[in-house]
Amino acid sequence: MGLQLLLLLHLHLVVCMSLPAPSNVTISSFNMEHALGFLPGPETPSNTRFTVEVLSFRKSSWISVAGCSELTARQTCNLNRAFKDPFIRYRARVRAFTPTQTSNWTVSGQFQPLTDTVLGPPDVSVSGCGNCLLLQLRVPTTSRLRQQQLKDLYSGVDFHVQRTRDGAQFRLHLPYKEESVIPYLQPGVEYCVAVTVNAFFNANPVSSKTYCAFTSPPQHRSSLTMVYGLLGAFCALGFLVTGLAVNGGKLSFKLLRRRLPRTLSYFLLQGQNGGSGPPEL
């Protein structure tokens, strides 16, 4: 009787543990957004579901992940809430189950959010500012918590600058700011910039795409335009003064011609009268 019970128990265990275990359990992370992925084992039944648990290195017990207790084969598990502390190392594990069967656990490798996440580039806009470029940097759009975590991570930013005209290039490292200026460039020339952020304790940055913009037009063109404008103004002023002088001369000549006969008559009569007494005209 005891032997039969042992055989039945062993058969029950074999039946319950015969479900294939998941494989390729991995944790991926981009900009502090963490997700767990896996593959079902070979010949896994279509009605199989999967459950996920995580282990913190500060605790000794596995904890179920909310929302990841009945995953299908193609679903991933969001671990953002499970990985609250970015400084702690974690592990995750996945198990397959059906109403009558359960597989073994498959455990992932260690994961630390602070060092293992991949840092994507910030949002970038570039504009010219004379002999410089003005760059506006913004943390990628995500939740407020993730944005703050990324800001705390950023320590500096690398700019890879290339001049379009001849391909001349250089690199510039500056502290991370929402506004940065690349100075000492040639005015009126197109430059292209790629941006990469640096972060404390993280060596997984991804460079941005290339953003191109012209610096402002060269200064000598502006000066030449100003000179032409002044010359035009002086010419207009000269024409105005000349016109006034000509019109004024004509007016004076007309007045003089009107008054000249009277004046000459006055002097002639005065000479005839011997220069005494006013003439009666």
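**Close-up 1. C192 and C212 pair up as a disulfide, with their sulfur atoms 1.9 Å apart.** The model shown here, as in every view below, is a predicted one. The torsion about this S-S bond is 100 degrees, and the link of C192 and C212 is right-handed. C192 belongs to strand β13 and C212 to strand β14, so the pair ties together parts that sit 20 residues apart in sequence. The two ends get different labels for cover: C192 is buried, at 15% relative accessible area, while C212 comes out as partly exposed, at 41%.

**Close-up 2. C68 and C77 make another disulfide, with 2.1 Å between their sulfur atoms.** Check the torsion here: it is about 100 degrees around the S-S bond, so this disulfide is right-handed. Both partners are tucked away from the probe. C68 has 3% relative accessibility and counts as buried, and C77 is buried too, with a relative accessible area of 0%. The cut-off for that label is under 20%.

**Close-up 3. A disulfide links C129 to C132, S to S 2.0 Å.** Here the cover splits again. C129 is partly exposed, at 30% relative accessibility, whereas C132 counts as buried, at 11%. Zoom out, and a search of the whole structure turns up three disulfides. Number the bonded cysteines along the chain and the pattern reads 1-2, 3-4, 5-6.

**Close-up 4. F87, F200 and F201 make a nonpolar surface patch of about 390 Å².** To find one of its members, go to the loop between β13 (190-199) and β14 (211-214), where F200 lies. F200 has 48% relative accessibility, so the label it gets is partly exposed; the exposed label would need over 50%. If you came here from the first view, the strands on either side of this loop will be familiar: β13 holds C192 and β14 holds C212.

**Close-up 5. The largest pocket holds about 360 Å³ of space.** Its lining is made by 18 residues, and V54, R81, A82, K84 and Y90 are the ones that lie nearest the centre. Two elements each give two or more residues to this lining, namely β3 (49-56) and β4 (63-64). Of the elements, β3 gives the most, with three residues. As background, rolling a probe the size of a water molecule over the atoms shows where empty space is left.

**Close-up 6. N31 has a positive phi of about 55 degrees, although it is not a glycine.** Some context for your Ramachandran plot: most residues other than glycine have a negative phi. N31 sits in the loop between β1 (23-30) and β2 (33-39). With a relative accessible area of 8%, N31 is buried.

**Close-up 7. E43 also isn't a glycine, yet its phi is positive, near 60 degrees.** Look for E43 in the loop between β2 and β3. E43 is exposed, with a relative accessible area of 78%. Put this view beside the previous one and you have two positive-phi residues in loops, with N31 buried and E43 exposed.

Terms used
Residues are numbered from 1 along each chain as its sequence is written. This is a predicted model: local features need pLDDT of at least 70, side-chain atom pairs count only at pLDDT 80 or more; totals for chains, interfaces and linings use all residues. Side-chain values use heavy atoms; hydrogens and water are left out. Patches are made of residues with over 30% relative accessible area and no salt bridge: like charges are joined within 9 Å, nonpolar side chains (Val, Leu, Ile, Met, Phe, Trp, Tyr) within 5 Å. Accessible areas come from the Shrake-Rupley method with a 1.4 Å probe; for residues, only the protein chains shown count as cover. A salt bridge is a side-chain nitrogen of Lys or Arg within 4 Å of a carboxyl oxygen of Asp or Glu. Helices (H or I, at least four residues) and strands (E, at least two) are DSSP runs, numbered from the N terminus. Buried means under 20% relative accessible area, exposed over 50%, partly exposed in between (1.4 Å probe, protein chains only). A disulfide is a pair of cysteine sulfur atoms within 2.5 Å. On a 1 Å grid over the protein atoms alone, a cavity is a set of points where a 1.4 Å probe fits but cannot get out, and a pocket is an open set with protein on both sides within 12 Å along at least five of seven lines; lining residues have an atom within 4 Å of a point. Grid points are joined across faces, edges and corners, and a volume is the space filled by probe spheres set on the points.
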